[in-house]
Amino acid sequence: AQALASLRPPCVPLDVVSPYQSTWSCSDELTDSWPQHWAGQVDGHLGLLRVDGVTYRYMGPPLHLMSVPAAKQLSLNVSATTTTYTFSAGGAVLTVEWQTPAFGHDSDLDLAARPVTYVSFTASSADDQQHDVEVYFDLPAITATRQPNETVTWSRQTAALNASRVEVMRVGTTAQHVHGQGSDKINWGYRYLGVPLSAGSDGPVSHTCMAAGPKLRAAFKAGSFSTEADDGGAPQPANSPGLVLAAAFKLTTGPASQAHLLLMLDEVVAQKYFGRDLQPLWRASGRTAADLLVAAEIDFPERRQQAAMFDSEVRRALEDVAGESYGAMGSLAYRQVTGATTVAWNPLRGEPWPFMKEISSDGDVSTVDVIFPAFPFFMQMMPEFFRKLLLPLMVYANNGTEPYGLYMPYNLQWAPHHLGHWPICDLRPQDQEQMPVEESGNMLIMIYGLALRQKELSMPTPTAWLKDFWPVLRTWADFLVSTLPDPGNQLCTDDFEGPNPHNTNLAAKGIVGLGAYAALLEADGQSALAEKYNEQARVFAQDWMRMADDGDHFRRQFDLNGTWSQKYNLVWQKALGLEKFFPDTVFETEEAYYATKLARYGIPLDDRHNYTKVDWTMWSAAMGSQDQFMSTVEALYTWLNESPVRVPFSDWFETETGTSPGFRARPVIGGIFIGLLKGTRQAWSDQLEELVVMI
């Protein structure tokens, strides 16, 4: 299925693999602006096209030093792993495809976590005539730097395995201060551009070059790019005169007229975990970047076909739940979620450890209240990957950091907030942003949800991995018991709104969290203990309904009459099929009241502001009827199309104007996948059809 023709993403994912390898186009046409990093810095890729000797641009804005018209953009389609543009120019049609095949994490994580994006080119005729087509692509050296004037060095080699050969070009800073700074852009490691070398006369003729961008771009326009040679000089600032790694292909408009290249970032060290450097997963076997690129080249035909099947299945699952708009939004969100993670190899445990960056809002490592809103995505798509994502947090909370070189005793009675500032995990527990009920409830809900999903998938002993962690889980549950039903003056994930003591939505999270813990105990055969915590949750829920009652709705704060808020945390009672601590009347009352607050683009979070959040408003909608869910989807889809703020899928926006006060490219957007969860859909219909998504 195709995305809705009218979808206009605020930003389009191009090369989106990880927080450091994350390039987007934030304009309607690929030729209207420079591709940019998610944080807004220009990455500066340029794409040129020659048709019968006439040059056009298919990527990048007008050039100051030479006049090159833009090819006409005919279409744009964004699916889960793939972005496809189609252009026409001079009687030819060019299709450009950016594909990051990040799927299958629970069947082959080594393959799914490869830091490789394929860029493919297909030429065809628009007028049934034969045309000579040449395609140019360049990767600027500034993509390997934090500041454009940092000094870089470059090199090349030919990688080969069996019959496959890839020309590998590399650029990186000379300083290579690994983890020497904590900005959003990396300035250690190396950027790679890989170009397959054709065997015989079957493939496209290509030429590669590493030199000043203005010179190579002018040479391509003049038809002399094939005579250009690498700049063999000394290291130089990345932006002076603007070094690029460039490739060009000679195609025709015949049926076999295709070419592709590979983009990669080698981070060298993925994370530092309490004193120990953890390598990227792909490095664990001793492979070099060149080895990985040639392996990726060998796998390209199969991965491309699998990605198309996967993208179609994801879209179908979403559309079956809530129509084409939901399919388009979920497809746009997919790489934003996977692209906020990186996967390291833990040699002490002999297993992969994923980490998630709190993109744009704080830059922290594996922030629990950022992981939590993305949980519906992971629960449905890759539950075993998600279990691994929780392990660095669980080891930290369980006082297990000493073997890594830095013992950091965790002495709090509630769950951690995060692990450190990306990419270094070294946080002292007293220095974290303390959100006791927030993070404890989040962890208990997610861990039970994970066990439930693994049971659905017939995975053996879904609670076995918790053997060493039961004491810390009970500590968190007992803390919730000690602080409920009114959590008092505690921070919650919505702290950007301002103080909100006696928060009823936060209290609801704690109560549902206790219920989730009880269900987890029951799943592990600890029935007597499970009943103890279930009874606590029942009592607290009764207290909650009495204390929060405000007539036709429930209050935002227990002690403030006339206030209201979205109680989105209640959705997990339904999504996880927990005991009905909160009866249906609570959900019905809240949903009816939300309907009275509907603005152009959705429902505000509460009575204090006109803004809302995509993840939370989708969760609130999932608590109601399917009609309510679909109407929320349509409101969000309208906002996505009309948003005046051109940043990667923001989760925070004004419901009247559509402007965004902040936040961009955050993985919390995975919260929109709440509609795929079995418990949520079961609440809408007794005729539940199983959704099959390849994991």
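1. In this predicted model, Arg50 has Glu134 in S10 as its bridge partner. The pair belongs to the contact between S4 and S10, two strands that run antiparallel to each other and are joined by six bridges. Strand S4 covers residues 46-51, and strand S10 covers residues 132-140.

2. On the pairing of S10 with S16: strand S16 spans residues 243-252, and nine bridges hold it to S10, again in the antiparallel sense. Two positions can be checked in the structure. Val133 has Leu251 in S16 as its bridge partner, and Tyr136 stands opposite Ala248 of S16.

3. These strands are part of an open sheet of five, ordered S5-S4-S10-S16-S14, with antiparallel pairing. Its edges are strand S5 (54-59) and strand S14 (205-212); each has a single partner strand, so one side of each lacks a neighbour in the sheet. Ignoring direction, the average turn between neighbouring strands of this sheet is 20 degrees.

4. Helix H2, residues 213-222, packs on this five-stranded sheet and touches S4, S5, S10, S14 and S16. The direction of H2 makes about 145 degrees with that of S14.

5. How much of S10 is buried? Seven of its nine residues are, so S10 is largely enclosed by the rest of the structure.

6. A second open sheet has four strands in the order S19-S18-S23-S22, and its pairing is mixed. Strand S19 (276-278) and strand S22 (420-421) form the edges; because each has a single partner strand, one side of each is left without a neighbour in the sheet. S22 runs antiparallel to strand S23 (residues 424-425), and two bridges join them. At the level of residues, Gly420 has Cys425 in S23 as its bridge partner.

7. On the nonpolar interior: the largest nonpolar core comprises 199 residues, and Tyr273, Trp544, Trp572 and Phe582 have the most contacts inside it. Helix H4 (residues 289-338) is the element that gives the most to this core, contributing 14 residues. Apart from this core lies another, of 17 residues, which include Val166, Tyr192, Ala290 and Leu292. In soluble globular proteins, nonpolar side chains tend to be buried together.

8. Which residues surround Trp572, once neighbours within four places in sequence are set aside? Trp572 is in contact with Phe372, Phe375, Pro376, Met379, Ile445, Val512, Leu578, Trp619, Ile674 and Leu677.

9. For the chain as a whole, there are 15 helices and 25 strands. The radius of gyration is 26 Å, close to the 26 Å that the globule rule gives for 695 residues, so the chain is as compact as a globular protein of that length. The C-alpha trace spans about 80 × 55 × 45 Å along its principal axes.

10. Of the 695 residues, 63% count as buried. The chain exposes about 23300 Å², of which carbon and sulfur atoms supply 49%. Among contacts in the chain with a separation of 6 or more, 70% come from residues 24 or more positions apart.

Technical notes. Residues are numbered from 1 along each chain as its sequence is written. Side-chain values use heavy atoms; hydrogens and water are left out. A nonpolar core is a set of buried Ala, Val, Leu, Ile, Met, Phe, Trp, Tyr and Cys residues joined through side-chain atoms within 4.5 Å. Buried means under 20% relative accessible area, exposed over 50%, partly exposed in between (1.4 Å probe, protein chains only). Contact means heavy atoms within 4.5 Å. Two strands pair if DSSP finds at least two bridges between them. Axes are lines fitted to C-alpha atoms, for helices over the stretch in contact, and angles run from 0 to 180 degrees between N-to-C directions. The radius of gyration is taken over C-alpha atoms; the globule rule is 2.2 Å times the number of residues to the power 0.38. Accessible areas come from the Shrake-Rupley method with a 1.4 Å probe; for residues, only the protein chains shown count as cover.
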